[in-house]
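Here's a quick walk through one protein model, written for someone who would rather look at residues than at statistics. Have the structure open as you read.

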Amino acid sequence: MHLANRTRPPGIDARICVIRALPLWLALGSFGGAAMAAGVTAATQPPVYVSRIWRTQEGLPENRIRAIAQTPDGYLWLGTSSGLARFDGVRFVVYARFNTPSMTDDNVRALSVAPDGSLWAATDGGGLLHYWNGHFRTFGPREGLANEFVGAVLADRHGDVWAGTNRGLFRRHGEKFERVDEALHLSNIAFFSLRESPDGRIFAGGPAGLFCFENGVLHFYSQVRDLDVVYQVGLARDGSLWLGTNHGLRIIGENAGDPKPAYLKNMIGAILEDHEGNMWLGTEGNGLYRVHGDQEAVFRAPANLPDNSILSILEDRDHSIWVGTADGLVRMSAPEVNVLNSRNGLASDNVVTIYCGQRANLWLTTITGQIFQYANGRIIARELPPPADTLRIRGAFEDHTGAFWFGTDNQGVVRLVKGKATRFTVADGLRNNGIEAFFEDRDRNLWIGTTSGLSRWDGSHLQKYYLEEGLSYGWVRSIAEDNNGDMLVGTDRGLNRFHGGRFVTDPAFAELSRDRIWSIHREAPDTLWIGTRGGGLVRVRNGKAARITTHEGLLSNSIFQVVGDGAGSLWMSGPLGLSAASIGDLNAAAEGRTDSIAVLAYGTGDGLESTQINGGVQPSGCMSSDGELWFPSVKGAVHFKPNHPRTGYRFPVRVESVLVDGKSVPATREVTIGPGRHRVEIEFTTCSLRAPERVFFRYKLENFDARWTDVTTRRATSYDNLPPGQYRFRVISRDGSTDAGSTEAGISIVVRPEFYQTAWFYGLALLMAGAGVAGVFLYQERQAHQRYNLRLAERTRIAREMHDTVVQGCVGVSTLIEAAVGSARSDQDLMLECLDNARIHLRLTLDEARQALTDLRHDSFEKGLAGALSELANTVSGEKGTPVTLQVSGPEARFAESINRTLLLVTREAIRNALMHATPTAVAVRLLFTRSMVTLEVQDNGCGFEPASACLAAEGHFGILGMRERMEQIGGSLEVTSALGVGTIVVARLPLGDALAARPIAA
């Protein structure tokens, strides 16, 4: 609402104001007869609009704004010669040839919004552009247009699209454009402006004049055949036509007798009728006019506009007026609040205190120390009578007797009764001369807060209270009384309770011991709301304190004054402006039932000339008898009706874009992201063109974020390296309304895993792990089985060793001893010979047993099999006296130790058998290596025997049988060839397979 509509209309008789104020004048005694007659009526001021300007530095592609439109989703669209811009109140998104393939020319001349919410843009060289669901489509000659130079576009109520080109007027009814002006045979067939009337007629203006399309036919508009060039066509709700021509403004349908206003002579660049019936006229070089009947107001640079050449005008759904000039975009909004300042008669814009008096009067003090009375729409400067006429006043109060008390800046306090002023200072019993607050209790004692303690006036004398009396701190900022009659004193170091004539400790106030208490508001018998300087808002109820801060949604943690509006809301002032929250929301936050509250905020976009509200000196805010709230600020006294219906059109929150690694992807309901490390950026917004700073957002990525994140400025977030999975991004917006209304949007995000992060891979890995475990178990079982076999083989080998050495030796010794015993009586010489042989045989058996033990403990194959055989041959030759020779043929191969040992034992057994049973004179050992076979041959020239394995085994001779079994265990064979009187040949053969052969032994 305009300031003019909120104040008294012009023409009020000043005498009526004086008569109505007569009781106050009598009570004050005319301030000693020195009242100043200054008075400025706010109603005489022109209509007030709050302006804001955007240029290229804020994101516009160009400062010259040629067209403006608003789509149903709330976006503002701006046409320039450098492209198309979309605006959500905070940021501009530019569409031009460099980033939009469908655009072949950036010169946008006109915009129109279709009934389905899509946008049509006329370009000068790129045809018609159609924007729908995030996609652009171009219409040109292939779709029926004469060429691509379009200067005007209109989407009518039926969905038909009209295009005014430099070669005729076209209508799209269906899929193709058809030309509608050919029957007129115009000499100049260009068209500049298109408008649709409420009855469905289409008006088209151009260099040939004004035309009207109705009943399927385009014809000259008969009432204006004398016009030359028509640049702009405007329609008023009264049916009149407002035309911008080459001769200025022409209004068709006005009364001929009306005086001709000055704006008719201007060249018109834009025409608009707003929701109140005001006609807005943008001129070329002479500013912006608002016309309503015979009243007109003009807005020009630099006060309201950046430039006086107006190219486009639009009224949005919040009833703000958007003006496209040659040097920037302007939003002009009717203020939500009104401001009284030096333009209205104050000595200074900086208002320190405001007191709402008992007789529909307000008292204002300014930083200059002067006091002003505001009544009946007039501001009157007042002067106190001596001895107070030279004092700097900074606070006012009226007690129950009608006496006025005025606080000063370190000059004491003044009491004014019937025009007589009495001054109290420290010398008169006042605690300090710096006055901060007044309060009158139910017993009609006046409490005076100072910068160093508290004073109480009982009607006859002053009593002082300071730290010695229990006050927590000297600087008193606020005073109130609770439901029980206790006085509450707020200081810069906590809140104090005065009960029963003394200050007492209240445990509920311990929470505020470090706070600066600047305001105390009693909202209910058991509820106090405490405004602190830096500590937020504190609720004290039933002995418990609960704090609410910006974390829960407050505009600021510094609260200068708290005022209830009587309609369920608390209004708070602070360094960031004015704000309100419902008491229900505040109680819910104080009790932990919610972690956010809806806050209605007033800032510069609502009419405040500065958000810096004053506080710290009482009264710094109040509600007048007519229901208006008043707050002092550095730019004047702010006042407004809190229950006034606020203009506003709520648009839903939306996810605007999704970028993956800097590349845009469609922000559909589900966004799928490939595997790997990625950066996901999500931009969200809600179109709040009037006051975007009041909108705040909360977002959360479900399955990733543990809690909601609150943001107010940056409308975007990002996530790096999301793990594979399914997520849901949710964003909630609130537009700063106390009705706690909110909207929510969201998208699903699916991050696909790498192949090794998939379920099938995990299943396969689990299966493989199971198989591995099973393999380990099987391997261990096999190893155990092999170890068992090795032990068994070792035991068998030891048994063979025992047989081949100890057992056979013992058998031989036993046989010789038995022979000796048998011949003891018959043949003494044979007995001695048998005993001697038994002795020798026993010694040999012991030697063989020692050798077997040595073989068990030591590795005798460091030089390979040939080396071990050579050592064996030398040892036997030396011990037995029978030469044993060794011959090695072929490249020697290295074998496993078990094979070497088997071949060595076989050789030893063969030599031992030859020496023991055949009494040879020589034993020859031959070792032959070939590529596929190793052959071991032991030959003696002894007595020989008849080889019969079965007979030998039956008789208990297991030597040859043992050698054969040894060879078979390693995959070889054993052959024994012998004949009586010829000797014996033992041949052991072992094939050289992959498992047996190894690298040759280095020379």
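In which strand is Thr450 found? In this predicted model, Thr450 belongs to strand S38, which covers residues 446–450. Is Thr450 buried or exposed? Its relative accessible area comes out at 0%, and since anything under 20% counts as buried, Thr450 is buried. The side chain of Thr450 still has a polar partner: the backbone oxygen of Gly453 sits 2.8 Å away. Leaving aside residues up to four places away in sequence, Thr450 also touches Arg431, Asn432, Gly434, Ile435, Glu436, Gly474, Trp475 and Val476.

Next, the nonpolar cores. The largest has 36 residues, and Ile911, Leu927 and Met967 are the ones that touch the most other members. Several helices and strands each supply at least two residues of this core, and they are listed here with their residue ranges.

| Element | Residues |
|---|---|
| Helix H8 | 864–880 |
| Helix H9 | 897–918 |
| Strand S66 | 923–929 |
| Strand S67 | 933–940 |
| Helix H11 | 959–969 |
| Strand S68 | 973–979 |
| Strand S69 | 983–991 |

H9 gives the most to this core, with 8 residues. If you click on Met967, look for its contacts with Thr902, Leu903, Val906, Gly972, Ser973, Leu974, Ala988, Arg989 and Leu990, again not counting residues up to four places away in sequence. Apart from the largest core lies another one, of 25 residues, including Leu391, Ala421, Leu430 and Trp457.

Now for a sheet. In what order do the 4 strands of the open sheet run? The order is S28-S55-S54-S53, with antiparallel pairing. Strands S28 (338–340) and S53 (622–623) are the edges, so each of them pairs on one side only. S53 meets strand S54 (residues 629–633) through 2 bridges in the antiparallel sense, and the bridge partner of Met623 in S54 is Leu629.

Last stop, a pocket. The second largest pocket has a volume of about 1,100 Å³. How many residues line the second largest pocket? The lining takes in 33 residues, with Arg86, Tyr131, Asn133, Gly134 and Glu656 lying nearest the centre. Strands S5 (92–95), S8 (128–132), S9 (135–139), S56 (654–660) and S57 (663–665) each supply at least two residues of that lining. The largest share of the lining, 5 residues, comes from S56.

Definitions and conventions. Residues are numbered from 1 along each chain as its sequence is written. This is a predicted model: local features need pLDDT of at least 70, side-chain atom pairs count only at pLDDT 80 or more; totals for chains, interfaces and linings use all residues. Side-chain values use heavy atoms; hydrogens and water are left out. Buried means under 20% relative accessible area, exposed over 50%, partly exposed in between (1.4 Å probe, protein chains only). A polar contact is a pair of N or O atoms within 3.5 Å; within protein, one must be able to donate a hydrogen and the other to accept it, and residues adjacent in sequence count only if both atoms are side-chain atoms. Contact means heavy atoms within 4.5 Å. A nonpolar core is a set of buried Ala, Val, Leu, Ile, Met, Phe, Trp, Tyr and Cys residues joined through side-chain atoms within 4.5 Å. On a 1 Å grid over the protein atoms alone, a cavity is a set of points where a 1.4 Å probe fits but cannot get out, and a pocket is an open set with protein on both sides within 12 Å along at least five of seven lines; lining residues have an atom within 4 Å of a point. Grid points are joined across faces, edges and corners, and a volume is the space filled by probe spheres set on the points.
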